[in-house]
Amino acid sequence: MDKFQNKYRIPSARLQTWDYGRNGAYFITICTQNRQYFFGEIIDSTTHGESIMHLNDMGEMAEKYWMEIPLHFPFISLGNFVIMPNHMHGILIIDNPAGVQTRFIASPQINPQINPQIETDDPSIEKTRLIASLSESE
């Protein structure tokens, strides 16, 4: 088993040959650091004998920001999701005719689809801008 930062870790479950920027539905899991219960707690309901997740303020923020993803990325729609005390599961559906440049998706400073006015000397960014502009003109 490999070590990362002197700790044992399991190999990535990601398919190395797959481009995760491709259109499709993706099941994702987001965990809190050290699996701490940041999002709320599960409380047993005496009425029906089932458990109910009660979100705290941070859990409500996680839900709010999850629901806002399509506002920032209009080519993404949301499937079902659930928030648990220390993690959340959800389905993201990417449907973008131009494809998604995953290398730059989280960086509005250099993502040509988010902010094309930023100047840079990085040729890979310029290539991405060219691809994005060609895709828009088709």
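Glutamate 68 is partly exposed, with a relative accessible area of 22%. That residue is a good place to start a tour of this predicted model, since glutamate 68 takes part in a salt bridge with lysine 64. From there we can step back to the fold, look into the nonpolar core and finish at a loop.

**The charged pair**
- How many salt bridges does a search of the whole structure find? The search finds one.
- In that pair, glutamate 68 and lysine 64 bring their closest N and O atoms to 2.8 Å apart.
- Both partners belong to helix α1, and because they are four residues apart there, about one helical turn separates them.
- Side chains of opposite charge can pair when their charged atoms come close.
- Is lysine 64 buried, partly exposed or exposed? Lysine 64 is partly exposed, and its relative accessible area is 42%.

**The overall fold**
- The protein chain contains seven strands and two helices.
- Following the sequence, you will meet these elements in the order β-β-β-β-β-α-β-β-α.
- Of the 138 residues in the protein chain, 21% are buried.
- Among contacts with a separation of 6 or more, 41% join residues 24 or more positions apart.
- The protein chain has an accessible surface of about 10400 Å², and carbon and sulfur atoms account for 55% of that surface.

**The nonpolar core**
- Which residues make up the largest nonpolar core? There are eleven: Tyr26, Phe39, Ala62, Trp66, Ile69, Phe75, Ile76, Ile83, Met88, Leu92 and Ile94.
- Three elements each supply at least two residues of this core, namely α1 (57-72), β6 (76-83) and β7 (87-94).
- Leucine 92 is one of the core residues, and a look at its surroundings shows what it touches beyond four places in sequence: Gly24, Ala25, Tyr26, Ile28, Trp66, Ile69, Ile76, Ser77 and Leu78.
- Among those partners of leucine 92 are Tyr26, Trp66, Ile69 and Ile76, which also appear in the list of core residues.

**A glutamate in a loop**
- Where does glutamate 50 sit? Glutamate 50 lies in the loop between β4 (40-44) and β5 (51-55).
- With a relative accessible area of 46%, glutamate 50 is partly exposed.
- Once neighbours within four places in sequence are set aside, the contacts of glutamate 50 are Ile43, Asp44 and Ser45.

Definitions and conventions
Residues numbered from 1 in each chain as written. Predicted model: local features only at pLDDT ≥ 70, side-chain atom pairs only at ≥ 80, totals over all residues. Heavy atoms only, no water. Buried < 20%, exposed > 50% of the residue type's maximum accessible area, 1.4 Å probe, protein only. Contact = heavy atoms within 4.5 Å. Areas by Shrake-Rupley, 256 points an atom, 1.4 Å probe, with all protein chains shown as cover. Core = buried A, V, L, I, M, F, W, Y, C linked by side-chain atoms within 4.5 Å. Salt bridge = Lys/Arg side-chain N within 4 Å of Asp/Glu carboxyl O.
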